[in-house]
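Reader: I'd like to go through the charged contacts in this one and hear the reasoning behind each label. Can you take me through them?

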Amino acid sequence: MNMDVLAAIRKLLDDNKIVYKCWTHAECSTSEEGAAIRGTEVMSGAKALIFRSEGNFAMLVIAGDKKADMKMLKFTLRAKSLSLATPEEALQVTHCTIGSIPPFGNLFQIPVYVDKSLYRNERINFNAGRHDTSIQMNIEDWEKVVKPKIISVAQ
């Protein structure tokens, strides 16, 4: 099944009467490129990482200026094994290529964890399933529709 991720995000936000801004721009794949193209701070980028633990996939959302501490994530989740998903696995799970994965694991039926550092922002920005389309929204609204578990694993 090929999912239109952008349409799914817009439907989720519209159904929940969430105010957001969606626009197209030059293609970007990294938090730094996205911030430059959007004219926003890197730390406001909501970077979505797909990881595998004991055969299951999950999503970690961290601020664009941070890196995931995988040892801390493994410890926090009390996981026996933990690794980042391969680009092929991420595509299979999210229907998106690396760099375009939106912070909506709930749309892909996978658990979502968010690092508390993202909450330094009132608004977050992210690629919305495509490298040339971004969404900006209030973090409280994002939290309301995604219902992530808040953890502390960024450095």
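**Salt bridges and burial**

Author: Sure, and keep in mind that this is a predicted model. Arg-130 has a relative accessible area of 39%, which makes it partly exposed.

Reader: What makes the contact between Asp-132 and Arg-130 a salt bridge?

Author: Their side chains come to 3.1 Å, N to O. The cut-off is within 4 Å, so the pair qualifies.

Reader: How many salt bridges turn up in the whole structure?

Author: The search finds four. Another of them joins Glu-89 and Arg-52, with the closest N and O atoms 2.4 Å apart. Glu-89 sits in helix 4 (residues 87–94) and Arg-52 in strand 2 (residues 46–53), so this pair ties together parts 37 residues apart in sequence.

Reader: Why is Glu-89 called buried?

Author: Its relative accessibility is 18%. Buried means under 20%, so Glu-89 makes the cut. Arg-52, at 26%, counts as partly exposed, because that label covers values between 20% and 50%.

Reader: And how do you know that Asp-65 and Arg-120 meet in a salt bridge?

Author: The N to O distance is 2.6 Å, and the limit is 4 Å, so they pass. Asp-65 is in the loop between strand 3 (56–63) and helix 3 (70–76), while Arg-120 is in the loop between strand 5 (112–115) and strand 6 (123–127), so the pair links parts 55 residues apart in sequence.

Reader: What are the exposure labels for Asp-65 and Arg-120?

Author: Asp-65 is partly exposed at 37%, and Arg-120 is partly exposed at 41%.

Key: Residues numbered from 1 in each chain as written. Predicted model: local features only at pLDDT ≥ 70, side-chain atom pairs only at ≥ 80, totals over all residues. Heavy atoms only, no water. Helix = DSSP H or I, 4+ residues; strand = E, 2+ residues; numbered from the N terminus. Buried < 20%, exposed > 50% of the residue type's maximum accessible area, 1.4 Å probe, protein only.
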